[in-house]
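Open the model in your viewer and keep the selection tool at hand. The tour moves from one selection to the next and says what is there at each stop.

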Amino acid sequence: MLLERIYDEDLAQASYFIGCQAKGEALVVDARRDIQVYQDLAAKNGMNIVAVTETHIHADYLSGTRELAAATNAAIYVSGEGGPDWQYEFEAERLLDQSSITLGNIIVTALHTPGHTPEHLSFLVTDGAFSDEPGFLLSGDFVFSGDLGRPDLLDEAAGGIDTRFAGAHDLFVSLQTKFLTLPDYVQVYPGHGAGSACGKALGAIPSSTVGYERNFAWWGPYLKANDEEGFIQALLDGQPDAHAYFGRMKRENRQGPVVLGDRAPLVQLDAADVAASLAADEIGVVDTRHHCEVHQGTAAGALNIPAGNKAASFGAWAVDPETDQRPLVLLAPDNGSAMEMWDHLIRVGIDKVAGFITSLDNLPVYVPPTIAPADLAGFEAAMVLDVRNKTEHSSGHVPGSAQLNAGRVLWHTDQLPSDGVIVSYCQSGVRNSVAAAALRRAGFDVVELEGSYAGWADWKQMQNA
């Protein structure tokens, strides 16, 4: 049996490729939307992808299940559990508790493990060429290394009301009746790693075992004592901010993400044409450079979505494709960089990219305004805005500042002053640059605090020395 973990650092998300060498068939679980990585794995190992499935209706990325199935003619399997409100709306074979998918000697058995979401499935994998007993669990957002999938996302991002308590109860029962009934040696492969907002204390190690989690995870003692009340209280306490785009992901993943098919390479656009389209407000320009370069000058009205390992996350904070249909033009050094950026963006459903430019030539240049920490006290700001997480704000903040996460600010502009200048900051300036550029594009007057909170804290310490 071949078991490969494909990890996306951007969204801290794991998908899995399970293949039977004897029969040359493979199954992909929780695929992301840029699917070449799975096709390359299949070609490298001489396999055909014959089945694609997912553990649940995801909230933090747009599923690649339909995209991969369309490219490979693979069968689609999705959960049929969770009741009528949690049924997928596209054609696929339904998996219920104990349903199975067979690949040669490999049997993949679905376990209904609600809690993170009502329809959630985990997959128990038996390598029949080696043993009749299952040895591996793809746990999705049920059990992570050192943590559990949060049950409050439906309240935080999908309009639910107090669903967190029922979800937490379901999670307790799923642990009791499913996870803890498995032998300790079963290896656990979660759907996310450290940095994901789908839990609060995810470990960075890629896998675990049932026994390790049973004995050492924070929730183990609550299950051992059958203390459901204490478990629920501990589980719900201190969950991180949920990003606003999670609601859109839920809707689109349930309906069925648009299948993109083969995408033609992005082309370099004529700068004069881009300038004209930008002046006519027909496009959006994305400056993909580090915020320190952006602060030296960028295109007027440009977004800042830095290229690299967080491009999808930052893109989802800055662009809402449901309300803004304008295609994007990427400022990138070359075609390869632009295509890589586009791959990240489609993971969160930002599909419309018209092309790329390699310089700001012929574009109206804008220098984002900043303010030094020493000048902040004498500045008449309508609001000082902390775009970090609630937990970061609680640990220390600029006095008088309001907190609104960068991943939520564009969706909660009613909490911002309609007039006057907003001074914004994050921890180091990266997240703030993403949020500030998005807010300026939405019509707000934003000045960025130089060095953000770290810079302000250093300045404050010098004053107190």
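**Stop one: the largest pocket**

This is a predicted model, and its largest pocket has a volume of about 480 Å³. Select Gly195, Ala197, His243, Trp317 and Asn389: of the 24 residues that line the largest pocket, these lie nearest its centre. Colour the lining by class and you get nine nonpolar, eight polar and seven charged residues. Which helix gives the largest share of this lining? Select residues 311-318, which form helix 11; three residues of the lining come from there.

**Stop two: helix 11 against helix 12**

Keep helix 11 selected and add helix 12, residues 335-346. Two packed helices are described by the angle between their axes and the distance between the axes. Here the axes come within 8 Å and cross at roughly 65°, and the crossing is right-handed. To see where the helices meet, show the side chains of Ala311, Ala312 and Gly315 in helix 11, then those of Met341, His344 and Leu345 in helix 12. By class, this contact has four nonpolar residues, two polar ones and no charged ones.

**Stop three: the second largest pocket**

Helix 12 also leads to the next site, as helix 12, helix 1 (36-44) and helix 2 (65-72) each supply at least two residues to the lining of the second largest pocket. The volume of this pocket is about 380 Å³. Its lining has 19 residues; select Ile35, Gln36, Gln39, Gly261 and Arg263 to find those nearest the centre. By class, the lining divides into eight nonpolar, three polar and eight charged residues.

**Stop four: a parallel sheet**

Now turn to an open sheet of five strands, with parallel pairing and the order 21-25-24-22-23. Why do strand 21 (370-371) and strand 23 (402-403) each have one side without a neighbour in the sheet? Both stand at the edges with a single partner strand, so one side of each is left free of a neighbour there. For strand 21, the pairing with strand 25 (residues 445-449) is parallel and runs over two bridges. Select Thr370 and you will find Glu448 of strand 25 opposite. Then add helix 15, residues 430-441, which packs on the sheet and touches strand 22, strand 24 and strand 25. The direction of helix 15 makes about 165° with that of strand 25.

**Stop five: a hairpin**

Finish with strand 1 (residues 2-8) and strand 2 (residues 13-20), which pair in the antiparallel sense over seven bridges. Select Leu3 and its bridge partner in strand 2, Ile18. Four residues lie between the strands of this hairpin, where Ala12 takes a positive phi near 50°.

Definitions and conventions:
Residues numbered from 1 in each chain as written. Predicted model: local features only at pLDDT ≥ 70, side-chain atom pairs only at ≥ 80, totals over all residues. Heavy atoms only, no water. Pairing = 2+ DSSP bridges. 1 Å grid on protein atoms, 1.4 Å probe; cavity = no way out; pocket = protein on both sides within 12 Å on 5 of 7 lines; lining within 4 Å. Points joined across faces, edges and corners; volume = space filled by probe spheres on them. Nonpolar A, V, L, I, M, F, W, Y, C, P; charged D, E, K, R; others polar. Axes fitted to C-alpha atoms, helices over the stretch in contact; angles between N-to-C directions. Left-handed = near helix turned anticlockwise from the far one by under 90°. Contact = heavy atoms within 4.5 Å.
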